[in-house]
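Here is a short briefing on a predicted model. It covers one helix, one sheet and the cysteines.

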Amino acid sequence: MRRKRKKEIDLGAFVLGCSCWIPTKGGASFLFLNHSQALRLKGISLGRFCQLPSKEMASNTEGGKSYARRDRLLEIEAKVRNWWEEKDVFKSESCNKPPEPGEKFFGNFPYPYMNGFLHLGHAFSLSKLEFAAAYHRLRGANVLLPFAFHCTGMPIKASADKLAREIQKFGDPPSFHTVVEETINTVPEPEEANGGDQTLPDKFKSKKSKAASKSGGDKFQWEIMRSYGLSDGEISRFQDPYHWLTYFPPLAKEDLKAFGLGCDWRRSFITTNMNPFYDSFVRWQMRKLKEMGKIVKDMRYTIYSPLDGQPCADHDRASGEGVQPQDYTLIKMEVLPPFPAKLRDLEGRRVFLAAATLRPETMYGQTNSWVLPDGKYGAFEINETDVFIVTERAALNLAYQKLSKVPEKLTCLVELTGYDLIGLPLKSPLAFNEIIYSLPMLTILTDKGTGIVTSVPSDSPDDYMALHDLKSKPTFRAKFGVKDDWVLPFEVVPIINIPEFGDKSAEKVCIDLKIKSQNEKDKLADAKRLTYLRGFTEGTMLVGEYAGMRVQEAKPLIKSNLLEVGEAVMYSEPEKKVKSRSGDECVVALTDQWYITYGESEWKKVAEECLSNMKLYSDESRHGFEHTLSWLNQWACSRSFGLGTRLPWDDQFLVESLSDSTLYMAYYTIAHLLQNGDMYGSDTSSVKPEQMTDEVWNFVFCGGSYPKSSHISSSLLNKMKQEFEYWYPFDLRVSGKDLIQNHLTFCIYNHTALLPNHHWPRGFRCNGHIMLNSEKMSKSTGNFRTLRQAIEEFSADATRFSLADAGDGMDDANFVFETANAAILRLTKEISWMEEVLSVELSLRTGPTSTYADRVFANEINIAVKMTEQYYHEYMFREALKTGFYDLQAARDEYRFSCGAGGMNRDLLWSFMEVQTRLITPICPHYAEYVWKKLLKKDGFVVKAGWPMADSPDLTLQSANKYLQDSIVSMRKLLQKQMSGSKKANKKAAPVTPPTEENKPTIGLIYVNEQYDGWKEECLRILQSKFDSVTHSFAADQEILVALQKSAIGQAANFKQTQKLCMPFLRFKKDEAVAVGVQALDLKLPFGEIEVLQENLELIKRQLGLEHVEVLSAKDPVAVSKASPLDSLLKQNPPSPGNPTAIFLSR
């Protein structure tokens, strides 16, 4: 009996996890089996139609894995791309009349730098634009997605020059074996792979040669080029930087085509003067900004590469992007004679210990200066008379700030250590102590400031504790040879009063925090946080000519006075370490160069206005832009080294790489008309570059008058203007969040300066970087993939699938290889499933959607259409993937299981296949196009098929089905528990024995109570009256309790017993209402529970393996009696709305 019954269940059942299509007697029907059941059926091969364990997924690893599924996707993708190219599917043309809202979509992406291959970091950000554009194209919008290639700047030139130096030194091809004699293990410094640096296609090894180690840890450029797969014969050609421009952009274009990018490639271009049209565009932009007073020449501090001999902007840096100059006041503490022997050669010169400070207003309270005993210092010649004792790093910064006898060169007169400086008598500006001494401090950092620190123990917790240690520890003084009279006579000098901290704030906060030593770094950091800001914002000067004045008002005046009388100089250095792409550590230089006046008050207001009207898709992104606008100031827009466009009025300079990339989105609109599809602009058959005069550019982009003197045909001029006016403004620009602080904000500034406000940007969408398998993507660790590698390993659509699943927010996302492998399996299985359905579709049930399962499945399709459209519209692609693919497939699987012997409805399955194909199109377009044309036999292209039509979702039906499925799950668990018996022994009896085959439950009685009554009804009515639907909150608990006491049950004699039941019920329902809404307080569900269960009795029987099931009312005494002898279970677990109670009996 058991075996027979089991087989009957198998024939109508499908367990999620595996499905097989089995032709059965009597025509085509379907058998749904779980894995173990299927194995019992002889002669039936599960083959590729079954869900495989994850370890059997296609995976690009060793061990004999099959790549057939991935290869099939790659084959499909190649075929689909040919279809698209044959019909120019992604070609974008403007229309004669302006577009209506939503009629067109123009999205763009920061062009990547072309000194290597594109990688998954590029692909992740780009995928957000690609998915958005594909969604708008699918719903019928006229879409423009162009793509270009950035070559401006110094990285390519630096790499080409490095290669040339290697060839000159080691030959062509180079013979590195003369220097690379052995390898040593090192721990390489991880390198961000989301930026624009060179990207290698193969895994990187964490070993460096001796030569590489000696050269700063960089690989030979020749080795890098070999890693690209280049032969030795080809590599030497890359000594010419312009060869890079002809090599990498075409490869990037091919990779993006393989990725399925829906791009109008006619509009592609490269930057630099190699493209004469783009070069003309940038020169016009620069001239126009200068005419408007937005570009000026000025002396300013800027991050500077000594090796390159020019400013080092963000995109020129190997590390330190976003780092700005930090300005200090350099206090000149004069060394008093007689000089010690080590300084004797400096006699006759004015020698100063030069201390960098951010707090010149505190100099009145100096008690000493600090030096690092083991620190390396030098006496550097500043001019004919002055010598500064500082670290070499600080001296190099000074040399580039016109504070060296020989500009940009160091003249070190004496090399010193901190020990040589201990005990020097000093005369320091503003100090009340006429003579102070140089003392040892062990916590000085020589990579900040000058290595010389001035000590103000009244207001600096560090200084207070260091001085305290010296005073209280004679052995400490003796260790460094510190005499008592250099320390003991000096007391704290009150100079500033701070509310709550008094006039000796450092002393008070150190006592309050119980700091015992200068080595308690964390506590001292807390002390500074407590006092420094309060001192600036609320402190009052107690001494000096500005006594009584607020510190924040006195500070600039005191600083100005010190500079005017020559007792201090200005000094600047990078906030953090910055390395140029040429490999040297950058300094801050005082340079006379061209600047764009970002931050100018009126311009800033207009930029803020533009930002306020833009859609940014996250509060974090908006805050980032607002913060950048608050601090961004003049930006150096010129350089003398690298590739690019020459400044039109000063051709010794090039336009730097973040200044020629702020308005080029406008250039996309007409690039195809100028270049005839040639990215290098070498086809001049339509227009010659010299014909693109300022008058023409102004006419096209700025509403200028018609250029009557132009030799360009009027039809072409008007066509250019039409293209720009139709496509602009752009609707979306997608980028990594790291570009908020420069490129994207520059884009806002330039658009507001050069274009009317109806052409200002409409939206930016920023994202974080991408990790691979939850680890930072890094070349040096090998956790890295180029775009081409990912496509070859997973296919384009599986790569896109995993990119969509990686995440959508501003936090770093996660590309998971297992997800990509699973996508290969899902997509190929879905194709096979559709092929099987279509092969037997004539035997499927026809006619209208008549069953409960039909109605539920149709409703789930409608829900998927509506929800997925919402998520695509908000550019939440991970959620769109969930609702449009995962959830929809789960609904299909549930439908297959629910239909049973009656089978599935043919029209409903066709609707599912068509809808699912359209919904996945933006993410997996090759797969969708193949299904659309080859399986569904549809005309046209799915990428332009239109968004699927859908009825309004029936939320009540959705709730009813959730109730049904949840109830079945609960009943199955209860039945399994009853069949397995209790595992715990009763204290007074043996463990319960599981039922035998003879008394195994075969009957299910499902008891339902469709409406709350009695004290529960009263409680719910009280909660309904005390719920605020606007705020989704309840009145105070006391108010609810009073209402309960005044109600009928509160007046009853047994209220105390009832109250014990009421209180937890009230709490439960309150929480539920806050979570899901006021409907949680309804007395009954919005559907008939008995009706839903009755309509699905066959499903319940199949799911539970029962022969007979009844649905009964718990309020019917006759029905309750049927539960005997287990009717006590009904009393222990009475049913309530939404929670039926099941009793299982044996015959």
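Helix α22 has many of its residues listed as buried: L716, L717, M720, K721, Q722, E723, F724, Y726 and W727. The elements that cover these buried residues include β1, β2, α20 and α21.

**Helix α22**
- The helix runs over residues 714-727, which makes 14 residues.
- At 1.5 Å a residue, α22 should span 20 Å. Its end C-alpha atoms are 20 Å apart, so the two values agree.
- Among the buried residues are the charged-letter positions K721 and E723, along with the aromatic-letter positions F724, Y726 and W727.
- Cover comes from strands β1 (104-108) and β2 (142-144), among others. Helices α20 (664-675) and α21 (694-701) are also included.

**The open sheet**
- An open sheet is built from 4 strands, in the order β6-β5-β21-β22. Their pairing is antiparallel.
- The edges are β6 (310-311) and β22 (635-636). Each has a single partner strand, so one side of each lacks a neighbour in the sheet.
- β21 (residues 587-596) pairs with β22 over 2 bridges, in the antiparallel sense.
- Y595 has A636, in β22, as its bridge partner.

**Cysteines**
- How many disulfides does a search of the whole structure find? The count is 0.
- C412 has 35% relative accessibility, so this cysteine counts as partly exposed.
- C899 has a relative accessible area of 15%. The cut-off for buried is under 20%, so C899 is buried.

Definitions and conventions
Residues numbered from 1 in each chain as written. Predicted model: local features only at pLDDT ≥ 70, side-chain atom pairs only at ≥ 80, totals over all residues. Heavy atoms only, no water. Disulfide = S-S within 2.5 Å. Buried < 20%, exposed > 50% of the residue type's maximum accessible area, 1.4 Å probe, protein only. Expected span 1.5 Å × (residues − 1). Contact = heavy atoms within 4.5 Å. Pairing = 2+ DSSP bridges.
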